[in-house]
Amino acid sequence: MAPASFQRITNTVCVMDASGNLGFSMVEKLLQRGYTVHAAVQNHDCELQFRGLSCDTKKLKIFYADPFDYKSVTGALRGCCGLFYNFEPPQDQSTYDEFMTDVEVRAAHNVLEACAQTETIDKVVFTSSATAVIWRDDRKSITGDLDERHWSDINFCRKFKLWHALSKTLAEKTAWALAMDRGVNMVSVNAGLLMSPDLCIENPYLKGAAEMYEDGVFVTVDLNFLVEAHICIYEDVSAYGRYLCFNHVVNRHEDAMKLASMLTPSAPSLPQSVDQDLRIIQQGISSKKLNKLMVDFESSPLLEN
């Protein structure tokens, strides 16, 4: 169940960007729980997408909000007590490269500044990535598992051209710096690889997948679990700081082969030795903080319609 201390002045929240798999599912789940939702999208074509929602849309309002347009962001936030923010690359620049870092950092700064100037905003749930945690020179020598207390090393990411990790790390650091400076109540969700229907080999998270696997830090997360984690973190007033979010560790050869065949279905499977088939990589990453928070969370409707 939801924490007894959960209470808001209003039950209106904003989801930005609401056009991707995570954003769309967030909108649907929040509506099911009784929230009024401002779905902020970057282009008008997304409006048709929401006609496919499996719930009552009377409490849904769609806003066209460019994360680089401060006025449009504040318009979407008006009257909201919470923001669920996740970055969707612009359609004209969908590939993660060294230039995407500046794009994502500017978007995060603009949105957090808008939150700081919106008096009704009580809490921001900022979607980041596990790639903002795991990429460090010393990751093999760290005592214990990697967790949300760790940050990816910016120079390491640049050296090995881990642009997704660099973008997520710098954008999250930017958001945290502004939130602390402006007094914005922010919590971040550092998600594993999202197992969405459109997952493909070009996903930028997968850069360095072999190294992640060997180090026991290749983690994935199901869409429903990620959505519920966001809502739990929003509703629980005791939530703070960063939360690593995943519900599967790819640390067995069988799991790695299953994922590889899903990403490249046309590729021929290679014969493997018995030793490889039975090998289990020791897990080197922990989500205990989130698991503890979600123990009593129930995904049933919370607010009255």
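1. Of the contacts in the protein with a separation of 6 or more, 74% are made by residues 24 or more positions apart. This figure, like every other value in this note, was computed from a predicted model. The protein has 305 residues, 55% of which count as buried, and its accessible surface comes to about 14,800 Å², with 50% of that area belonging to carbon and sulfur atoms. Its secondary structure consists of 11 helices and 10 strands.

2. Seven of the strands form an open sheet with parallel pairing, in the order β3-β2-β1-β4-β5-β6-β9. The edges are taken by β3 (60-64) and β9 (242-245), and because each of these has a single partner strand, one side of each is left without a neighbour in the sheet. On average, and with direction ignored, neighbouring strands of this sheet are turned by 20 degrees against each other.

3. At the β3 edge, the pairing partner is strand β2 (residues 36-41), which runs in the parallel sense and is joined to β3 over five bridges; within this pairing, V41 has Y64 of β3 as its bridge partner. Helix α2 (residues 70-77) packs on the sheet, where it touches β1 (12-16), β2, β3 and β4 (82-85), and the direction of the helix makes about 145 degrees with that of β1.

4. A residue to look at in helix α1 (residues 21-32) is Q32, which has a relative accessible area of 31% and is therefore partly exposed. Although 25 residues separate Q32 from T57 in sequence, their C-alpha atoms are 9.4 Å apart in space.

5. Two details of the backbone deserve a check by eye, given that most residues other than glycine have a negative phi and most peptide bonds are trans. The bond joining M16 and D17 is a cis peptide bond, with omega about -5 degrees, and D17 has its place in the loop between β1 and α1. K161, which is not a glycine, has a positive phi of about 55 degrees; this residue is in the loop between α5 (154-159) and α6 (163-182), and it counts as exposed because its relative accessibility is 52%.

6. The structure holds seven aromatic pairs. One of them is formed by F156 and F160, whose ring centres are 4.8 Å apart and whose planes stand at 50 degrees, so that the pair is tilted. The two partners are covered to unlike degrees, since F156 is buried with a relative accessible area of 9%, whereas F160, at 41%, counts as partly exposed.

7. How are the rings of Y240 and Y243 placed, and what lies over their faces? Their centres are 6.5 Å apart and their planes are at 70 degrees, so this pair is edge-to-face. Y240 counts as exposed at 54% relative accessibility, while Y243 counts as buried at 2%. K289 lies over the face of Y240, at 3.9 Å from the ring centre, and K289 also lies over the face of Y243, where the distance to the ring centre is 4.3 Å. Y243 falls within the range given for the edge strand β9 (242-245).

8. A further group of aromatic residues is worth locating in the model. Y35, F84 and Y234 are linked by ring pairs into a cluster, and F84 falls within the range given for β4 (82-85), a strand that helix α2 touches where it packs on the sheet.

Technical notes
Residues are numbered from 1 along each chain as its sequence is written. This is a predicted model: local features need pLDDT of at least 70, side-chain atom pairs count only at pLDDT 80 or more; totals for chains, interfaces and linings use all residues. Side-chain values use heavy atoms; hydrogens and water are left out. Two strands pair if DSSP finds at least two bridges between them. Helices (H or I, at least four residues) and strands (E, at least two) are DSSP runs, numbered from the N terminus. Axes are lines fitted to C-alpha atoms, for helices over the stretch in contact, and angles run from 0 to 180 degrees between N-to-C directions. Contact means heavy atoms within 4.5 Å. Buried means under 20% relative accessible area, exposed over 50%, partly exposed in between (1.4 Å probe, protein chains only). Rings of Phe, Tyr and Trp (its six-membered ring) pair if their centres lie within 6.5 Å; planes under 30 degrees apart count as stacked, over 60 as edge-to-face and the rest as tilted. A charge sits over a ring if NZ of Lys or CZ of Arg is within 6 Å of the ring centre and within 35 degrees of the ring normal. Accessible areas come from the Shrake-Rupley method with a 1.4 Å probe; for residues, only the protein chains shown count as cover.
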